[in-house]
Amino acid sequence: MRVSEPREVASGVFLMTTGAGPMASNIYVVRSGAAWALVDCGWAGSAEPVRRAVENLLGPGVVPRAIFLTHIHPDHSGAAGALARFWEVPVYVGQSELPLAAGRYIPELSMPLDRWLVAPFLWSLPARTRRRIESAGDITDVVQGLPQGGEVPGMPGWAAVPTPGHTPGHVAYWRAQDGILITGDAVTTVNLNSMRGVLLGAPDLCGPPWYTTWNRKTSMDSISRLADLGPRVIAPGHGQPLAMGVVPRLRAVAEGEKAHRLALRRRIAGAPEAA
């Protein structure tokens with residue numbers, strides 16, 4: 001799987017993209033003092049090209065001290081197990097994300113796409129095949145929960161901000177010093193809820209794709225929480241970094257979704273719309 005050349009989007013924050021088109025996702029190589037870490041790592045098939053790209057960037061004998069995941073979805077966490085075992089480093093996730101680390105379908109933590117497609121497909125397979133697929137996605141041997149206080153182990157200056165909604169334990173990574181925010185899928189800068197966004201990658205700040213989101217309302221509350229931080233730069237899981245009008249645009253996304261949900265409830269209830 002193709003990995004783009006690294007591009008420094010903020011001091012000590014390098015963006016690389018794995019895949020192309022609708023399958024593309026972002027990974028970040030970040031520095032704190034002399035230490036480096038990887039934030040998200042792409043699809044399972046990108047493990048080897050990501051390893052080579054990261055090692056080329058960091059130089060001989062230098063590897064990340066840890067892998068930090070925004071969430072456990074295959075386009076962000078698929079390569080985590082292979083990379084962590086090769087580098088002999090831990091993988092950190094939000095505490096509420098830990099149940100997903102075994103690679104098994106958990107109904108109460110599932111998203112629409114799981115229920116419509118993934119789970120029916122898995123249960124149509126022979127038990128041995130299903131166990132083999134689950135085992136391939138199991139990262140329980142390398143995963144650890146992030147500290148409850150928001151510390152990012154070994155990376156002073158960075159904080160983990162709970163942003164549940166897209167997944168139960170989704171986190172964003174925040175560097176208050178210069179206002180950079182690595183959002184994962186809590187916020188994207190390409191609209192994956194539209195055909196134009198999926199096929200053409202048209203820029204558009206928005207929330208996570210609803211068909212892969214565990215709790216849509218909670219995800220909007222998380223966007224409001226991110227706006228309260230006052231970020232200057234958004235480094236998303238999909239799309240290009242954004243550095244203009246960040247806070248008002250975040251608030252517009254959250255408020256727009258709230259207005260949409262309110263209008264929908266009124267229509268369902270048969271209440272007249274305001275003039």
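Me: In this predicted model, what share of the contacts between residues at least 6 apart in sequence joins residues at least 24 apart?
Reply: The share is 60% in the protein chain. A contact here requires heavy atoms within 4.5 Å.

Me: What makes the protein chain as compact as a globular protein of its length?
Reply: The chain holds eight helices and 13 strands. Its radius of gyration is 19 Å, and the globule rule gives 19 Å for 275 residues; the two are close, so the chain is as compact as a globular protein of that length. Along the principal axes, the C-alpha atoms fill a box of roughly 65 × 50 × 40 Å.

Me: What percentage of the residues in the protein chain is buried?
Reply: Buried residues account for 51% of the 275. The label applies under 20% relative accessible area.

Me: Why are α1 and α3 called oblique to each other?
Reply: The axes of helix α1 (residues 47–58) and helix α3 (residues 80–87) cross at roughly 50° and come within 9 Å. Angles under 35 degrees count as roughly parallel and those from 65 to 115 as roughly perpendicular. The crossing angle of roughly 50° falls in neither range, and the pair is therefore oblique.

Me: Which hand does the crossing of α1 and α3 have?
Reply: The crossing is right-handed. On the α1 side the contact is made by A47, V50, R51, V54 and E55, and on the α3 side by A82, L83, F86 and W87.

Me: How many residues of each class are in the contact of α1 with α3?
Reply: Seven are nonpolar, two are charged and none is polar. Arg and Glu count as charged, and R51 and E55 of α1 take part in the contact.

Conventions:
Residues numbered from 1 in each chain as written. Predicted model: local features only at pLDDT ≥ 70, side-chain atom pairs only at ≥ 80, totals over all residues. Heavy atoms only, no water. Axes fitted to C-alpha atoms, helices over the stretch in contact; angles between N-to-C directions. Helix = DSSP H or I, 4+ residues; strand = E, 2+ residues; numbered from the N terminus. Parallel < 35°, antiparallel > 145°, perpendicular 65-115°, else oblique. Left-handed = near helix turned anticlockwise from the far one by under 90°. Rg over C-alpha atoms; globule rule 2.2 N^0.38 Å. Buried < 20%, exposed > 50% of the residue type's maximum accessible area, 1.4 Å probe, protein only.
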